[in-house]
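This report describes one protein chain, with attention to its helices, its salt bridges and its surface. The sequence and the structure are shown below.

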Amino acid sequence: KAARRALEISPNSAEGLQALGFALGQGGRNKEAIPILRRAVVQAPNAEFAWDQLGYVYHYAGLDDLAERAYRRSRELDPTTPRIYWMHSRMLLYVGKVQEAEQEVRQALAIHPEQFKAMAFLGEFLYYQGKLEEAEPILLRAVELGRNSGDVAAPIMEAFLYAKRG
């Protein structure tokens with residue numbers, strides 16, 4: 001309601017468009033969120049959060065090529081956020097660019113070496129390339145680092161590895 005009210009007052013407000021697009025996307029209303037977030041990135045082409053959210057709704061709408069490009073732009077605008085690396089690298093994986101996905105998440109780990117979620121995705125990308133021996137210690141470390149986080153990405157990816165081995 002607040003975002004819609006903000007847009008009644010200022011219909012081209014980039015912040016209002018971002019807020020409404022974010023709320024709609026979080027509510028699973030991607031078809032409505034996409035044109036709003038597209039307007040947001042036109043109004044504020046250097047707004048990292050708008051590109052991030054556009055990538056999010058594109059992905060959940062099944063538009064992974066567009067999601068990859070939106071996340072790439074978000075990362076270009078703010079390369080300091082670890083999350084954007086693993087979100088973008090996941091899209092690279094989904095569009096069949098697993099080596100690029102691996103390189104991207106390794107960049108994040110060069111900046112944030114103890115970031116367990118980036119580490120977990122590195123393990124996943126190695127897994128998908130058949131590099132199970134290389135993936136295992138990375139996933140073990142990711143599980144250890146993320147143990148009290150409440151995030152289950154690392155243990156799930158570790159389970160894939162062990163299931164593959166029988």
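Valine 152 is found in the loop between helix 9 and helix 10. In this predicted model, Val152 joins Ile156 and Phe160 in a nonpolar patch on the surface. Together, the three residues of this patch have about 280 Å² of accessible area.

Helix 10 comprises residues 153-164, twelve in number. From its first C-alpha to its last, helix 10 reaches 17 Å, close to the 16 Å expected at 1.5 Å a residue. Its buried residues are Ala153, Ala154, Met157, Glu158 and Leu161. Seen down the axis of helix 10, these buried residues fall within an arc of 130°, so they line one face of the helix. The cover over them includes helix 8 and helix 9. After helix 10 comes glycine 166, with a positive phi near 85°.

**Overall architecture**

The secondary structure of the protein consists of ten helices and zero strands. Read from the N terminus, the order of elements is α-α-α-α-α-α-α-α-α-α. Along the principal axes, the C-alpha atoms fill a box of roughly 60 × 30 × 30 Å. The protein has 166 residues, of which 49% count as buried. Among contacts with a separation of 6 or more, 46% are accounted for by residues 24 or more positions apart. The accessible surface of the protein comes to about 8600 Å², and 54% of that surface belongs to carbon and sulfur atoms.

**Helix 7 and its surroundings**

Helix 7 spans residues 98-111 and has 14 residues. Its reach from first C-alpha to last is 20 Å, close to the 20 Å expected at 1.5 Å a residue. Which residues of helix 7 are buried? They are Val98, Ala101, Glu102, Glu104, Val105, Ala108 and Leu109. Viewed down the axis of helix 7, the buried residues fall within an arc of 165°, so they line one face of the helix. On the other side of helix 7, Gln103 and Ala110 are exposed. Among the elements that cover the buried residues of helix 7 are helix 5 (64-77), helix 6 (82-94) and helix 8 (116-128).

**Salt bridges**

Side chains of opposite charge can pair when their charged atoms come close. With a cut-off of 4 Å between a side-chain nitrogen of Lys or Arg and a carboxyl oxygen of Asp or Glu, the count comes to 15 salt bridges. Three of them are listed here with their N to O distances.

| Basic residue | Acidic residue | Closest N and O atoms |
|---|---|---|
| Arginine 73 | Glutamate 76 | 3.6 Å |
| Arginine 106 | Glutamate 134 | 2.8 Å |
| Arginine 141 | Glutamate 114 | 2.6 Å |

The pair of arginine 73 and glutamate 76 is set within helix 5, where the two residues are three residues apart and separated by about one helical turn. Arginine 73 is partly exposed, with a relative accessible area of 26%. Glutamate 76 is also partly exposed, at 46%.

Arginine 106 and glutamate 134 form a salt bridge, their closest N and O atoms being 2.8 Å apart. Arginine 106 lies in helix 7 and glutamate 134 in helix 9 (residues 132-145), so the pair ties together parts that are 28 residues apart in sequence. The relative accessibility of arginine 106 is 34%, and this residue counts as partly exposed. Glutamate 134 is partly exposed as well, with a relative accessible area of 36%. Both residues belong to a network of salt bridges that links Glu102, Arg106, Lys131 and Glu134. Glu102 of this network is one of the buried residues of helix 7.

Arginine 141 and glutamate 114 meet through their side chains in a salt bridge of 2.6 Å, N to O. Arginine 141 lies in helix 9 and glutamate 114 in the loop between helix 7 and helix 8, so this pair ties together parts that are 27 residues apart in sequence. Arginine 141 is partly exposed, with a relative accessible area of 28%. For glutamate 114, the relative accessible area is 48%, and this residue is partly exposed.

How values were computed. Residues numbered from 1 in each chain as written. Predicted model: local features only at pLDDT ≥ 70, side-chain atom pairs only at ≥ 80, totals over all residues. Heavy atoms only, no water. Helix = DSSP H or I, 4+ residues; strand = E, 2+ residues; numbered from the N terminus. Expected span 1.5 Å × (residues − 1). Buried < 20%, exposed > 50% of the residue type's maximum accessible area, 1.4 Å probe, protein only. Arc of directions from axis to C-beta. Contact = heavy atoms within 4.5 Å. Patch = residues over 30% accessible without salt bridge, like charges linked within 9 Å, V, L, I, M, F, W, Y side chains within 5 Å. Areas by Shrake-Rupley, 256 points an atom, 1.4 Å probe, with all protein chains shown as cover.
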